[in-house]
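Good morning, and thank you for making the time. I would like to walk through one structure with you, moving from single residues to the arrangement around them.

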Amino acid sequence: MADRPSPSQPPMRFRPRVSLGTMAAIAAALLIPLLVLAFFLVQWLVPHEGDDRLVGVKLAQPGAAASPPSLLTADDMKALNNITNDGSLFGMPMAVRVVRVSDPMTEEETQAAAARYVAATPIETTPGAKDGLLFYIAVPMNQPKAATAAFVPGEHFFPQMGLTQERLDTTLNDIVTPRLALGNYADAAKQGAAWVVYDQLFGTMPRIPLTHGQQVLNHLANWVLAPLVAMLTAGYAGLALWSGRAARQNRGLTAAPIDSPYIAAAVARGRADDALPAGAMLALIDAGNLQLAADGRTIAPGPEPDGADPFACAIWERTRELSEPAGGAIPRGAVLRLDDAFAPQLAYLESRLISGGLFSSQIPAMNRLMWGSGFLLVLIIASVLVPSLIGRAAAGFIVGCLALAVIAGLTWWTLHRYRSTDAGIREARIWLTTQQQAALAGDTAATLALRTYRDIVRQEDMVAERTALRADRGTHALQIMARLRGMSVA
Amino acid sequence: MATTANGIRTDLSSANDLRPAIPAPRRWWQERRLWHALIAVALFSLAFGTYLHGNETTGFHPDESRWLNRAHYLVDLLDPFGPTWEDQYLTRGQPPVGSYVIGIGLLLQGRGPETNLAWDFRRSSAFNTDNGMFPLEADRQAGRRTNNVLGALAVVAVFYVVTNLSNAAGGIAAGLLLIANPLQTWHNRLALADTTLTLTLALLALVLVHLMRRPRWSLAILAGVLVGLGGANKFTPLALAVPLAGLGFLMLVQSWWAGRALKPATLRGWKGLPPLRDVSWMLLSTPLVAGFTFVAVYPYLWPDPIGRALILLRFRQQEMASQSRIYPDRNIADPVESARRTWDYLTGQWSGTQSFLDLIGLPAKVGTMLAPLDVWLALAGLLVLGLLAAAKGLRSPHLMVFAVVAVESATVIVSMKTDFERYYLPIVLGNVITAGIFVGVVGSLVWRVVPGRVRHPRSSRTATMPAGAPVLKEHAGG
């Protein structure tokens, strides 16, 4: 680091005119309305479900009736009324009628008789609604084992959630008819009605048929767009891996030797972040260049550091500037935001790291590449999600959502990418070993440098974990560090 | 091996070994994390053994039929536009996360997701049993074992929450209290979704503790996801997004106010507001993340997220009213009545203390007399937690856990219209957490005054800092 720019010099690195944050805001502003539209547009394009079918209804006619009444006992009648009432409570108007007939009837004759019954005595919630179901059992005189049954749904009875014509037929054949054959027509009525109300609530609804347009979109999304998105996302992941490796190699450039704990710590952390000013402040407090008030929470500038690291000097200078309007000290409340005031100093440090080959100079270009291609990919995926939703294409939709998640993860990783180069890591190792050897030989400056390095590299662990790292740090130091970083001392 | 002229290694492929550079390696028995992990394993084993032991003898609960029936929801996630997710009774009746968990449990134990028909509470037990609504024993036991594991994990999560907020003694006490609680134990031995809720809430508390210790977006998003998953299991945890966002707003104001003394124009962030790495923004994101998660895991909501979510809430209210009609003796008139019943149950029938004292064979009279102890401990712990939160400030994990415990319990009490046992489970969880904190804090105070206790100087635990290293003046006196 022979050619060291001073903190007041502008950073020597390329800065895009549009920052990543601005790009993110623009992307969000464009994409969020698109996704919202994708979700809400669907409601206009797919068949709407209509009114709530689980809301209770009232039938104008009694739920259960027998003719003559003596055909059913009072208990049977009560049970049947309970069952039909259960159906009505969840929006299914149903009536059970057990009728004495003179002679045994065929299935067709029973169906016709039931239809005539409905025509004469409509089963419906309101006149003309034709939304009820009749469960009709014909019991021949003196021949209960010859009883027959039929279901007659009104013209507007279906859809009834899990209850379909097929399920009615199954109930008739599997539940009702065997019991009628045994002469148990009352039991057949109760069991049959119970299964009808059961199927309505607990049977799985039939799959909604797709229109021709939906079928086309379904095939397109599932068989063309989904594989395409999967391939593009895999390509994006590959690009992320390649860009990470290329950034670390930094075109094979060598790195300058490290002479500062802040530089070494930044390399070890992989970024120049808020831990650096916090660590620098702690070092300045140790050296007496910053002073803590008796409560340990107010910071005041002390004597100017002499011969200290340029980064530490810049932090001291900035702290002094900030404390002036507040009467010469940073008030305890304001310490919470103090770390936000060191952006220029961090930018300066980062420029040193980049110019010294310790941080990759490839990162901005790689990030732009990742962001640009990611943005393009998200637009493509959004245009896949819309036909998937309209065409009810499961594969297209699931692949699209997973791809969005992968891209979000990779973009997050890009933003938090490790910036150190391989050469920089080697230099940091050399610095660290040299300092350790010097410290063991009794060099106080090396001991201090190592402590500063530790305070930065393991800052989160020191504050948030009850580890041995903090053994030589008092409560006030930990609290100041926590306050600066918005953390909480464990 | 590549080295410099001085013999320093340079063959590094990553910077990972730059991190632990300073502190001396500690003896394995000095590692606090290791001890905590061992305690956690012991608690897990004890809890799992306790729960597993009672599976066979615990009677059938008809709700088990429903949850096992819906295990197929897990595979139906692969068909999100399919019939399962249409607007129908079962899909509306319960959010699906509990069904997913049961489905995962069944699949992991070699059972298929297709099980019994759903129990119809309107019909008799005979009708249900004769017609395939009673689950197969193998499915039922698999579902119960699933909850045995989840319940034991909840015990571990509670241990870590309380240990973080007080100490390991408190954590152990909280874990044991949870294991001893008969209500929780009963539900952990049933194939229902309530254990999942307990685990979700315990994990949420743990995530919030770590989030406040060291704010990270990954944890903030995880907290939002847990709130959303909790809501997609039993609705009430969604209420937790409100206090979390509220506290986030307060922190945002605090940060903005703090910046006023520091020339806001020169600070990072927009208009004096803190940058996005501030924990206030993270907490403010909770309702959004929770809402997104709630919708994302519940395909029923996709066609109309807001409209259908409102339908769900209305339907739940109708169901509550219906239950209230069907079980008039369990009807709850108002929150005061709800609080009274909560007190009665948790200090009586569902008292962990009483259950434990009965277990060790003490006379029933003693158990009855001491039954309210867990609730008294919990109330004292709530007070201690509140005081700690007040002392440690807005950005403390103590305040977060206090908010979660208080709001979840209050939500349950206010919204309860029928006193089904399972509704008390979140309150039980809050109770054991606060009771554990009380034990931990009081234990630590007592420990400090124990005469003759050997006190190791803290600095003796670090070896590598060379002699003569400067220390902060404030630390010089120990």
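**Two buried residues and one sheet**

Let me begin with Leu382(B), which is buried because 21 other C-beta atoms lie within 10 Å, the cut-off for that label being 20 or more. Please keep in mind throughout that this is a predicted model. Leu382(B) has its place in helix α19 of chain B, and although Gly171(B) is 211 residues away from Leu382(B) in sequence, the two are 15 Å apart in space when taken C-alpha to C-alpha.

If we follow chain B past the end of α19, which covers 373-392, we come to the loop that leads to α20 (397-415), and Ser396(B) lies in that loop. Is Ser396(B) buried or exposed? It is buried, since 20 other C-beta atoms are found within 10 Å of Ser396(B), and 20 is the count from which a residue qualifies as buried. Leaving aside residues up to four places away in sequence, Ser396(B) touches Met212(B) and Ala389(B), and also Ser488(A). There is a pairing across the sequence here as well, in that Ser396(B) and Val209(B) are separated by 187 residues along the chain but by 8.1 Å in space, C-alpha to C-alpha.

For chain B as a whole, we have 22 helices and zero strands, and 48% of its 478 residues count as buried. Among the contacts in chain B with a separation of 6 or more, 76% are accounted for by residues 24 or more positions apart.

Let me now turn to chain A, where four strands form an open sheet in the order β1-β2-β3-β4, with mixed pairing. The edges are taken by β1 (64-67) and β4 (148-153) of chain A, and because each has a single partner strand, one side of each is left without a neighbour in the sheet. From one strand to the next, the twist averages 15 degrees.

Looking at one edge in detail, β3 of chain A, residues 133-140, pairs with β4(A) in the antiparallel sense over six bridges, and Leu133(A) has Pro153(A) in β4(A) as its bridge partner.

Which helices accompany these strands? Helix α3 of chain A, residues 107-120, lies across β2 (94-101), β3 and β4 of that chain and runs at about 45 degrees to β4(A). Helix α5 of chain A, residues 185-202, packs on the sheet and touches β2, β3 and β4, with its direction at about 165 degrees to that of β3(A).

Key. Residues are numbered from 1 along each chain as its sequence is written. Chains are lettered from A and ligands numbered from 1 in the order in which they are written. This is a predicted model: local features need pLDDT of at least 70, side-chain atom pairs count only at pLDDT 80 or more; totals for chains, interfaces and linings use all residues. Helices (H or I, at least four residues) and strands (E, at least two) are DSSP runs, numbered from the N terminus. A residue is buried if 20 or more other C-beta atoms lie within 10 Å of its own, exposed if 12 or fewer, and partly exposed in between; C-beta atoms are placed from the backbone. Two residues are in contact if their C-beta atoms, placed from the backbone, lie within 7 Å. Two strands pair if DSSP finds at least two bridges between them. Axes are lines fitted to C-alpha atoms, for helices over the stretch in contact, and angles run from 0 to 180 degrees between N-to-C directions.
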